[in-house]
Amino acid sequence: HIFVTGHSLGGALATLFSAELGESIKASRRDCTVTMYNYGSPRVGNRPFVALYNRLVPDSIRVINGTDLVPTLPAFLGYRHVDHGVRIPSDGSKVLCGASDVRPAAPGAANGGQKLVKAGDKGASSEGSGGGNSTAAKIMELAETLGVVTVLGVDEETAADAAAALASLVSSAALQDHFEDKYYLALKDVSEFLTPTSTLTPKA
């Protein structure tokens, strides 16, 4: 059994390598299984890649610490996250949030506007689209004016992602939450309530 892991760019590379390994296993070129854990990874591929990856590597978890900015990027060009994202809230609560894609909630929303799931609960919610609707509308309008909607793959969803990424730039926590030591401390804190019998099954 092979475990693949990485942080930030290493998390993106872990995703790509796991997909390659998964294809090799499916083609019977390798006799093994693969599990992937990444931390603070940016988005890696488009929707067809995500669908392929999810079939090839069903045993994978993306960990996002608090308001980490990097997992919100890139917002354009059709990039999406692979499934099984888990967010560790930065408010110190002993709960985990399921994340189908990273979409920070509106500032000031309680618990990020997300259903919080304790270890052992069945299922986790997808993250809400959050705020930034007017900014997203302006991004859509600008892309249409410049004639780059198709080239950049801009639609309402990606415009909302870009607006969320821009909003997080004003917070120093969005960058601080990305560093390895912050991930280590967050995982250490949350591990206190995770037991060997606990399970977390985020929705795809």
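**Strands, helices and cores**

Student: Which residues of β4 point one way, and which the other way?
Tutor: Strands are DSSP runs of E with at least two residues, and helices are runs of H or I with at least four, both numbered from the N terminus. In a regular strand, side chains alternate between the two faces of the sheet. Four residues of β4 are listed, and all are buried, where buried means under 20% relative accessible area, exposed over 50% and partly exposed in between, with a 1.4 Å probe and protein chains only. One way point Gly-85 and Arg-87, and the other way Val-86 and Ile-88.

Student: What kind of model is this?
Tutor: Residues are numbered from 1 along each chain as its sequence is written, and side-chain values use heavy atoms, with hydrogens and water left out. Local features need pLDDT of at least 70, side-chain atom pairs count only at pLDDT 80 or more, totals for chains, interfaces and linings use all residues, and the model is predicted.

Student: In what order do the elements of the protein chain run?
Tutor: The protein chain has seven helices and five strands. From the N terminus on, the order is β-α-β-α-β-β-β-α-α-α-α-α.

Student: Which residue of β4 is the bridge partner of Arg-62?
Tutor: Strands pair if DSSP finds at least two bridges between them. Four bridges join β3 to β4, and the two strands run parallel. The bridge partner of Arg-62 in β4 is Gly-85.

Student: Which elements give two or more residues to the largest nonpolar core?
Tutor: A nonpolar core is a set of buried Ala, Val, Leu, Ile, Met, Phe, Trp, Tyr and Cys residues joined through side-chain atoms within 4.5 Å. The largest has 14 residues, and Val-4, Val-34, Met-36, Phe-49, Tyr-53, Val-57 and Val-82 have the most contacts inside it. The elements giving two or more residues to this core are α1 (9-26), β2 (34-39) and α2 (47-56).

Student: How many residues are in the other core?
Tutor: This core lies apart from the largest one. Its members include Ala-136, Met-140, Ala-143 and Ala-160, out of 10 residues.

Student: Which residues does Val-57 touch?
Tutor: Contact means heavy atoms within 4.5 Å. Residues up to four places away in sequence are not counted. Val-57 then touches Ser-18, Ala-19, Val-34 and Met-36.

Student: What do the buried residues of α1 pack against?
Tutor: Among the buried residues of α1 are Gly-11, Ala-14, Ser-18 and Leu-21. The helix is followed by Ser-28, whose phi is positive, near 60°. The buried residues of α1 pack against β1, β2 and α2.

Student: How far apart are the end C-alpha atoms of α7?
Tutor: The expected span is 1.5 Å times one less than the number of residues. For the 12 residues of α7 (residues 180-191) that gives 16 Å, which agrees with the distance in the model, 16 Å.

Student: What arc do the buried residues of α7 cover?
Tutor: The buried residues are Tyr-183, Ala-186 and Val-190, and β1 (2-7), β2, β3 (60-65) and β4 (85-88) are among what covers them. The face turned away from this side carries the exposed residues Glu-180 and Tyr-184. The arc, taken from the directions from the helix axis to the C-beta atoms, puts the buried residues on the same side of α7, as it is only 70°.

Student: Why does Ser-172 count as exposed?
Tutor: Ser-172 is in helix α6 (residues 172-176). Ser-172 counts as exposed because its relative accessibility is 52%.
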